[in-house]
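Q: Please take a close look at one part of this model, the arrangement of its aromatic rings, and set it in the context of the chain around it. I would like a single connected account that moves from the whole chain to that part and then outward again.

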Amino acid sequence: MSRTPDARTRDGQTRQIQENITNVEKHFGELCQLFAAYVRKTARLRDKADLLVREVSLYADTETPSLKSGLKLFADQLAKIQDYRQAEVERLEVKVIEPLKSYGTVVKLKREDLKNTQNVRTRETKQMEQLERMRQRRPSDRQVISQAESELQRATMDATRTTRQLEETIDEFEKQKIRDIKSILGQFITIEMAFHAKALEVFTTAYQHIQNIDEEEDLEVFRSLLHPPDYPTRLDIVRANTRGSLNRTTSSLGKSGTLQQPGTPNRSMKREEEDDDEDDDEDDLEDVTEDEN
């Protein structure tokens, strides 16, 4: 028996609804699995970074002061980023994975609605086939035919009612699906942006700590470890000799009050020598005068 145009239209609607539900079930399931894998990878990255923080801190304890301080500060900043990463993981689980996972239940309910509608339509089809058989086998039995027509009418009304309800349900399902996918992906973007913004800020601080490591200071410390104080270096010997010379000079100044260069007479000595020369000249002049007299 050929189907009525209304029945064929309902069948087309049913196929379209079933296809939409199948697509959502398939692709939302894939998205849920991939986002879950993404979150697991992020959590493993957090764990690896925690190990890195621990190793950097242990290494810092073996280094010279400036490098040690820089590494410790770097490790602190890297640990802070992992705190933000942990928050990222928790938010992704709540805002992205859970809503996608909930669509498993939503799709299941929609399939039940579709199944109920198909069952009602199947009863309508059977009533239609039964009426056709009655008309062929007992065309003169108006009572039986009338009863079959009444049952077909009820079945048709039920099919029409359930189809309308299914259309309304699926329409709301499509509307909610669009809203949810927009919200889920928007939450994903927002969570990732918040994490990366915080991470960029902390990484900038970590970079500054690394750049502030004083290489020269650490080299001096390292060199002092190679030449401990019990074994004086050349520089220490020169400094000691210089201090000894200065002490001797200071002692000489304390005795004479004037710094004298070796072999060079001072002003007082020159003046005494000049006075002695004048006395000798005077004595010679007196001797010459006496001889003339």
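A: Accessible areas here come from the Shrake-Rupley method with a 1.4 Å probe. On that basis the protein chain, which is a predicted model, exposes about 21,100 Å², and carbon and sulfur atoms supply 51% of this area. Of its 293 residues, 25% count as buried. The chain has six helices and zero strands, and the pattern read along the sequence is accordingly written α-α-α-α-α-α. Among contacts between residues at least 6 apart in sequence, 82% join residues at least 24 apart.

Within this framework, the part to look at is the aromatic cluster made up of Phe28, Tyr103 and Phe173. A pair of aromatic rings is described by the distance of the centres and the angle of the planes. The count of aromatic pairs comes to four. One of them is formed by Phe28 and Tyr103, a tilted pair with 4.6 Å from centre to centre and 45° between the planes. Phe28 lies in helix H1 and Tyr103 in helix H2, 75 residues apart, and the pair thereby links distant parts of the chain. Burial is assigned under 20% relative accessible area; Phe28 counts as buried because its relative accessibility is 8%, and Tyr103 counts as buried because its value is 5%.

Tyr103 also pairs with Phe173, again in a tilted arrangement, with 6.4 Å centre to centre and 55° between the planes. Tyr103 belongs to helix H2 and Phe173 to helix H3, so this pair ties together parts that are 70 residues apart in sequence. Phe173, at 4% relative accessibility, therefore counts as buried. Tyr103 is thus a partner in the pair with Phe28 and in the pair with Phe173.

The nonpolar packing can be described in terms of these helices as well. The largest nonpolar core has 23 residues, and of these Val96 and Leu100 touch the most other members. Helix H1 (5-60), helix H2 and helix H3 (142-211) each supply at least two residues of this core, with H1 giving the most, nine residues. Leaving aside residues up to four places away in sequence, Val96 touches Phe35, Arg91, Ile184 and Phe188. Apart from this core lies another, of eight residues, which includes Val53, Ala60, Leu67 and Leu71.

Further along helix H2, which spans residues 65-137, is Met128; with 13% relative accessibility, this residue counts as buried because it falls under the 20% cut-off. The C-alpha atoms of Met128 and Ala155 are separated by 8.9 Å, and the two residues are 27 apart along the chain.

A contrast to the buried rings is offered by Phe222, which is placed in helix H4 (residues 215-226). Because its relative accessibility is 44%, Phe222 counts as partly exposed. Together with Leu225 and Leu226, Phe222 forms a nonpolar patch on the surface, and the three have about 330 Å² of accessible area together.

To return to the cluster, Phe28, Tyr103 and Phe173 form one aromatic group, in which the ring of Tyr103 is tilted at 45° to that of Phe28 and at 55° to that of Phe173.

How values were computed
Residues numbered from 1 in each chain as written. Predicted model: local features only at pLDDT ≥ 70, side-chain atom pairs only at ≥ 80, totals over all residues. Heavy atoms only, no water. Patch = residues over 30% accessible without salt bridge, like charges linked within 9 Å, V, L, I, M, F, W, Y side chains within 5 Å. Salt bridge = Lys/Arg side-chain N within 4 Å of Asp/Glu carboxyl O. Helix = DSSP H or I, 4+ residues; strand = E, 2+ residues; numbered from the N terminus. Buried < 20%, exposed > 50% of the residue type's maximum accessible area, 1.4 Å probe, protein only. Core = buried A, V, L, I, M, F, W, Y, C linked by side-chain atoms within 4.5 Å. Contact = heavy atoms within 4.5 Å. Phe/Tyr/Trp six-rings, centres within 6.5 Å; stacked < 30°, edge-to-face > 60°.
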